[in-house]
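Please open the model in a viewer and keep the selection panel at hand. The stops below are meant to be taken in order.

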Amino acid sequence: MKFNKQTIIILLILASPALSCKKYLDVVPDNIATIEYAFRMRTTAKKYLYTCYSYIPNQADISSGFMFTGDDMWYPSYPNGSAPWEIARGSQNINSPYLDYWNGAGANKPMWRGLRECNIFLENVELVPDLDSIEKEQWIAEVKFLKAYYHFFLMTLYGPIPVIRNNLSIAAGVDDVKVTRRSVDEVVDYIVELLDEASEGLPNAVQDPMAENGRITLPIAKALKAKVLVYAASPLFNGNPDYSGFINKDGTQLFSQTSSPEKWQKAANACKEAIDLCESLGYELYKFTLTNQTLAISEETKIQMNVRNSFTERWNSEVIWADPNSYTATIQNQSTPRYDLSVFGNSIIRGNWGVPLKVVSQFYTKNGLPINEDKTWSYSSRFNLRTATVADKYCIKPDYVTAAFNFDREPRFYATFGFDGGIWYGQGKYDDNDTYVLQCKVGQPAGKTNPTGFAASGYYPKKYVYYTNIASTTANTNTITDYPWVLMRLSDLYLLYAEAINEAEGPANGEAYKYLNLIRERAGIPTVEDAWTNFSTNPSKFTSKEGLRDIIHRERYIELALEGHRRWDVRRWKEAPVELTKPITGWDVDQETSAAYYREKVIFRPTFTLKDYFWPIREYDLIINKNLVQNPGW
């Protein structure tokens with residue numbers, strides 16, 4: 001593609017003061033008018049490289065991310081105009097779509113512009129005179145990865161999309177710019193092609209972690225390839241009869257109508273390749289270690305911290321990829337309850353995010369089983385009141401009355417959620433014998449104090465809150481240790497492999513058990529085989545492909561809870577019409593007594609239909625480009 005000196009570099013991202021301070025957004029200065037100038041030397045070309053990075057969607061941004069588009073979280077009151085909430089409540093539309101990454105409306109990144117910037121970089125990086133061949137090869141590989149990721153991101157939202165291999169010439173005619181959607185298989189093939197090309201030039205690790213963490217490496221590329229191929233093999237994309245009528249105007253079928261089992265084997269192979277590479281480079285499941293701030297703690301609390309910190313400990317041994325420009329201070333602030341009377345009046349502690357009861361219910365018993373499958377756990381009595389004893393002290397305050405639902409649960413339950421009567425380790429108290437205890441009924445510190453300052457369900461997302469954060473008792477401040485939003489960690493890769501190998505070969509070879517059990521061991525629960533054999537009402541469940549599929553799906557819900565995976569998983573499994581239409585419920589948080597508080601209360605009844613699997617394309621875009629077809633149902 002040829003440019004003259006009047007070619008203008010349009011970098012809209014410079015208009016955002018909130019983003020301009022981030023290190024990856026040190027883009028080409030806005031008074032520089034030519035592409036030639038941008039690539040005249042290494043320093044300016046590097047800024048353009050970071051421009052390509054700047055289009056990675058900010059998943060920790062509560063106004064443009066996806067954490068509120070499903071059923072993972074709920075506000076106590078509906079914030080009008082919040083795009084994620086509008087989607088969760090079924091208000092998506094075609095005139096001005098919410099979270100419109102197709103056009104970049106509102107706070108959302110214009111992903112097609114991001115792809116254009118990547119192509120400009122690839123077409124011009126050869127012009128840089130002072131860039132050595134090794135670094136040039138790495139930069140090209142990074143941008144090819146970004147192109148692959150942006151295509152995958154758009155495919156996740158919109159299904160079959162146009163494939164942008166190259167930018168159009170400035171001499172292109174009107175008809176040339178009217179691109180058309182490509183089949184899902186063609187999109188996936190192109191994404192994998194880019195990732196394979198990128199892998200040839202990427203390093204195993206960044207050279208300067210302090211300055212380069214978040215830059216693309218070979219493990220990231222291999223992990224993304226594994227994820228893309230698992231998605232491609234999943235029921236939503238692999239032979240989906242629901243979209244038999246979804247065709248281009250030229251008659252091209254956009255979704256294959258024949259399910260291909262070979263896609264699962266291809267995905268399994270890619271997952272295993274990524275796992276082997278990561279493990280050879282020292283990646284391992286995170287284990288909490290004591291610091292100068294932590295006193296000797298119980299084994300129970302340590303196991304909980306294994307889980308809690310696997311997501312919040314910056315750049316730990318399990319993190320394959322995190323976004324250095326997607327920080328979590330706001331998330332942590334809004335997830336932190338008023339856990340003590342001394343900070344009750346501290347308005348900086350908002351504590352207004354709640355996890356619906358149906359998500360909390362997914363977590364296992366202490367025997368590593370669903371609560372309705374464990375023959376030692378009384379499912380029918382789960383909402384009865386029960387008083388904690390000394391034996392419960394690392395999870396629930398002794399002598400505190402709470403629901404039986406909260407007792408005898410797995411460590412990940414207590415690591416992920418804060419609840420009435422529950423122990424909250426950290427936040428300035430690091431002695432297991434002197435910790436904060438949440439009290440969530442009306443009139444108590446973490447209870448409903450105003451229309452928005454409480455967890456609507458009664459369950460706070462403890463998993464988001466880094467354990468050393470401390471709220472001031474004398475000033476209106478909350479000292480937060482920020483961490484980047486994690487996009488891929490090793491446990492996710494293990495679970496993708498367990499899923500793919502089970503679908504490809506079934507449970508007989510034991511590979512799925514192996515990687516499930518590595519995660520379960522870290523979580524402090526029995527192996528799959530021991531849990532179901534010894535404690536389940538369905539002891540042979542794990543021995544069939546269908547039974548193990550259900551176990552793997554549940555394991556993903558639990559291990560990756562609140563990390564942004566559930567809403568996409570239930571879609572690709574085609575379980576969304578069941579899972580995402582279950583009522584949003586919680587405890588009756590308007591009550592003062594235990595007997596009144598522990599009653600399940602419906603907060604909202606969501607809907608999900610075929611059209612909700614994919615975002616709509618704005619109607620205006622369909623008018624401008626007659627080659628585009630709308631997603632079904634819109």
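Select Asp408 first: its relative accessible area is 25%, so Asp408 is partly exposed (buried means under 20% relative accessible area, exposed over 50%, and partly exposed in between, with a 1.4 Å probe and protein chains only). Asp408 sits in the loop between strand 3 (401–403) and helix 14 (411–416), where helices (H or I, at least four residues) and strands (E, at least two) are DSSP runs numbered from the N terminus. Its phi is near 55°, a positive value in a residue other than glycine. Most residues other than glycine have a negative phi.

The model is predicted, with local features requiring pLDDT of at least 70 and side-chain atom pairs counting only at pLDDT 80 or more, while totals for chains, interfaces and linings use all residues. Residues are numbered from 1 along each chain as its sequence is written, and side-chain values use heavy atoms, with hydrogens and water left out.

Move next to the loop between strand 5 and strand 6, and select Gln427 there. Gln427 is not a glycine, yet it has a positive phi of about 55°. With 2% relative accessibility, Gln427 counts as buried.

Keep this loop, which joins strand 5 (423–424) to strand 6 (436–437), and add Tyr425 to the selection. Is Tyr425 buried or exposed? At 3% relative accessibility, Tyr425 counts as buried. Its side chain reaches the backbone oxygen of Tyr430 at 3.2 Å; a polar contact is a pair of N or O atoms within 3.5 Å, and within protein one must be able to donate a hydrogen and the other to accept it, with residues adjacent in sequence counting only if both atoms are side-chain atoms. A C-alpha to C-alpha distance of 6.5 Å separates Tyr425 from Tyr436, eleven residues apart in sequence.

Now display helix 6 (residues 133–158) together with helix 9 (residues 218–233): they pack at an angle of about 25°, and their axes are 11 Å apart. Axes are lines fitted to C-alpha atoms, for helices over the stretch in contact, and angles run from 0 to 180 degrees between N-to-C directions. Helix 6 and helix 9 are therefore roughly parallel to each other (angles under 35 degrees count as roughly parallel, over 145 as roughly antiparallel, 65 to 115 as roughly perpendicular and the rest as oblique). To see the contact (heavy atoms within 4.5 Å), show Phe145, Tyr149, Phe152 and Thr156 on helix 6, and Ile220, Ala221, Leu224, Lys227, Val228 and Tyr231 on helix 9.

Follow the chain into the loop between helix 9 and helix 10 (262–280), where Ser234 is found. Ser234 has 0% relative accessibility and counts as buried. Which residues does Ser234 contact, leaving aside its neighbours within four places in sequence? They are Trp264, Glu499 and Arg572.

Leu236 is found in the loop between helix 9 and helix 10 and, at 3% relative accessibility, counts as buried. Leaving aside neighbours within four places in sequence, Leu236 is in contact with Tyr243, Phe255, Arg571, Arg572, Lys574, Tyr613 and Phe614. Leu236 and Tyr613 lie 377 residues apart in sequence, but 8.8 Å apart in space, C-alpha to C-alpha.

For the final stop, display helix 16 (residues 511–522) and helix 18 (residues 545–559), whose axes come within 12 Å and cross at roughly 35°. On helix 16, show Ala512, Tyr513, Leu516, Ile519, Arg520 and Arg522, which meet Leu548, Ile552, Glu555 and Glu559 of helix 18.
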